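Trainee: I've got a structure to look at, and I'd like to know how the labels people use for it are earned. Can we go through them together?
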Amino acid sequence: MKKILSQPELCDGCRDCEEACEKLYGAPRIMIREINGTYYPIICQQCEDAPCKAICPTEAINETIDPERCIGCGLCMIVCPFGAIVLSERKAQKCNQCPKIDTPACIKACSKRALSIVDAEKLKLEKQEKHIAKMAGTAKPKLDIINLVSKTKKAEEKLK
């Protein structure tokens, strides 16, 4: 299952992702919220046991929202644990991960690479393999650019 992953520490609040989504769908299905100088992309997480789907009186919600069935009651918006559903022109809207294009519009628009698409199952398996290797004592520290930057930042913080 593919998921859009957000990394708030990389987001600069430019809202290019919102604009790209709005151009494609008429309303942004991703929202940027700022709290204490940090920007948080809010996007539908395509919940397995989705409360929005369960509460919808017209069964308009699956991975997408059927605009023909949606009556704009807003119940889905109220129960969404992420606040990722919006009402626009009396219809609910949420991210559908742009199924008709290779890369979702928000990801293409994000110059800071704060958004990316990941295969959740593959990511889970990789984490399990790392954990098993660590437990078995066969793990070798992997020094890639992300780990190097992280270690450098931690070292700088200790010096302050």
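Trainee: What makes E121 and K124 about one turn of the helix apart?
Mentor: Both sit in helix α5 (residues 120-136), three residues apart. An α-helix has 3.6 residues a turn, so residues three or four places apart point the same way. By the way, this is a predicted model, where local features need pLDDT of at least 70, side-chain atom pairs count only at pLDDT 80 or more, and totals for chains, interfaces and linings use all residues. Residues are numbered from 1 along each chain as its sequence is written, and side-chain values use heavy atoms, with hydrogens and water left out.

Trainee: Why is the pairing of E121 with K124 called a salt bridge?
Mentor: A salt bridge needs a side-chain nitrogen of Lys or Arg within 4 Å of a carboxyl oxygen of Asp or Glu. The closest N and O atoms of E121 and K124 are 3.2 Å apart, so the pair fits that rule.

Trainee: How many salt bridges are there?
Mentor: Two. E18 forms one with R15, with the closest N and O atoms 3.5 Å apart.

Trainee: Why is E18 called buried?
Mentor: Buried means under 20% relative accessible area, exposed over 50%, and partly exposed in between (1.4 Å probe, protein chains only). E18 has 14%, so it's buried. R15 has 32%, so R15 counts as partly exposed.

Trainee: How do you know that the buried residues of α1 line one face?
Mentor: In helix α1 (residues 16-25), they are C17, E18, A20 and C21. Seen down the axis of α1, they fall within an arc of 165°, so they line one face of the helix.

Definitions and conventions:
Helix = DSSP H or I, 4+ residues; strand = E, 2+ residues; numbered from the N terminus. Arc of directions from axis to C-beta.
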